[in-house]
Amino acid sequence: MNRTQSYTDLSKPSRRDVLFLSAGATLALTAPSLALEGAVEYSPKVLKSLQASGKPVLLDFSAKWCGTCRRQARVIEQLVSENPAYRNIQLVRVDWDKHRQSDIRQQLAVPRRSTLIMLKGEQELGRIVAQTSVKAIQALLETGV
């Protein structure tokens, strides 16, 4: 606000306020939920193909607006940068808002967003729900190495 604008006059935001809020909204909407290279969006076909390959798959049930999901993403990114062995794990993003009612959620009994599940083929190797600690996420990634 400029000096002449009162705090109660919110109907006339300054140009600076508008630019600042616009920039923040753009950054929030365009920030990836996980910054891992090679991450793919979930589809039944993609998952079946990856399971058939025998490659470890980390399913990330997340939403762009979820703070816990963003924290998990930062921890995963950090761990992958520190340990190249984790790069062999294929990350599959499952958009919570899009797939909340889908078969994959029901088949795997996913209770909520911010759920990470490690698979190898059809076998579940481990999962964590709403945990953001480095140790917990590292332990899950280790099951896929």
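How many nonpolar, polar and charged residues are in the lining of the second largest pocket? Hi everyone, let's take that one straight away: six are nonpolar, two polar and four charged. Please keep in mind that this is a predicted model.

Let me stay with the pocket for a moment. The space inside the second largest pocket comes to about 220 Å³. If you want to pick out its lining on the screen, start with Tyr-42, then Pro-44, Leu-47, Lys-48 and Gln-51. Further along the chain, the lining also includes Asp-103, Ile-104, Gln-107 and Leu-108, and Leu-119, Glu-122 and Glu-124 belong to it as well.

Which helices supply at least two residues each? Those are α2, covering 44-53, and α5, covering 103-107. Of the contributors, α2 gives the most, with four residues in the lining.

Now over to the sheet. It is an open one, built from five strands in the order β1-β3-β2-β4-β5, with mixed pairing. At the edges sit β1, residues 40-41, and β5, residues 123-129, and each of these pairs on one side only. As a quick reminder, strands of a sheet pair through backbone hydrogen bonds, and they can do this parallel or antiparallel.

Let's walk through the pairings. Starting from β1, two bridges link this strand to β3, residues 90-95, and the two run parallel. Within that pairing, Glu-41 has Arg-93 of β3 as its bridge partner.

Next comes β2, which pairs with β3 over six bridges, in the parallel sense. Here Asp-60 stands opposite Arg-93 in β3. So how does the chain get from β2 to β3? The path goes through helix α3, residues 67-82, and this β-α-β crossover is right-handed.

Strand β2 also has a partner in β4, residues 115-120: six bridges join them, and this time the strands run antiparallel. One position to look at there is Leu-58, which stands opposite Met-118 in β4.

Before I stop, one more look at β2 itself, residues 56-62. Is this strand mostly covered or mostly open? Mostly covered: seven of its seven residues are buried. Pro-56, Leu-58, Asp-60 and Ser-62 point one way, while Val-57, Leu-59 and Phe-61 point the other way, and all of them are buried. That puts Asp-60, the residue standing opposite Arg-93, among the buried ones.

That's my tour, thanks for listening!

Terms used:
Residues are numbered from 1 along each chain as its sequence is written. This is a predicted model: local features need pLDDT of at least 70, side-chain atom pairs count only at pLDDT 80 or more; totals for chains, interfaces and linings use all residues. Side-chain values use heavy atoms; hydrogens and water are left out. On a 1 Å grid over the protein atoms alone, a cavity is a set of points where a 1.4 Å probe fits but cannot get out, and a pocket is an open set with protein on both sides within 12 Å along at least five of seven lines; lining residues have an atom within 4 Å of a point. Grid points are joined across faces, edges and corners, and a volume is the space filled by probe spheres set on the points. Ala, Val, Leu, Ile, Met, Phe, Trp, Tyr, Cys and Pro count as nonpolar, Asp, Glu, Lys and Arg as charged, and the others, Gly among them, as polar. Two strands pair if DSSP finds at least two bridges between them. Buried means under 20% relative accessible area, exposed over 50%, partly exposed in between (1.4 Å probe, protein chains only). A crossover is right-handed if, with the strands pointing away from the viewer, the path from the first strand over the helix to the second runs clockwise.
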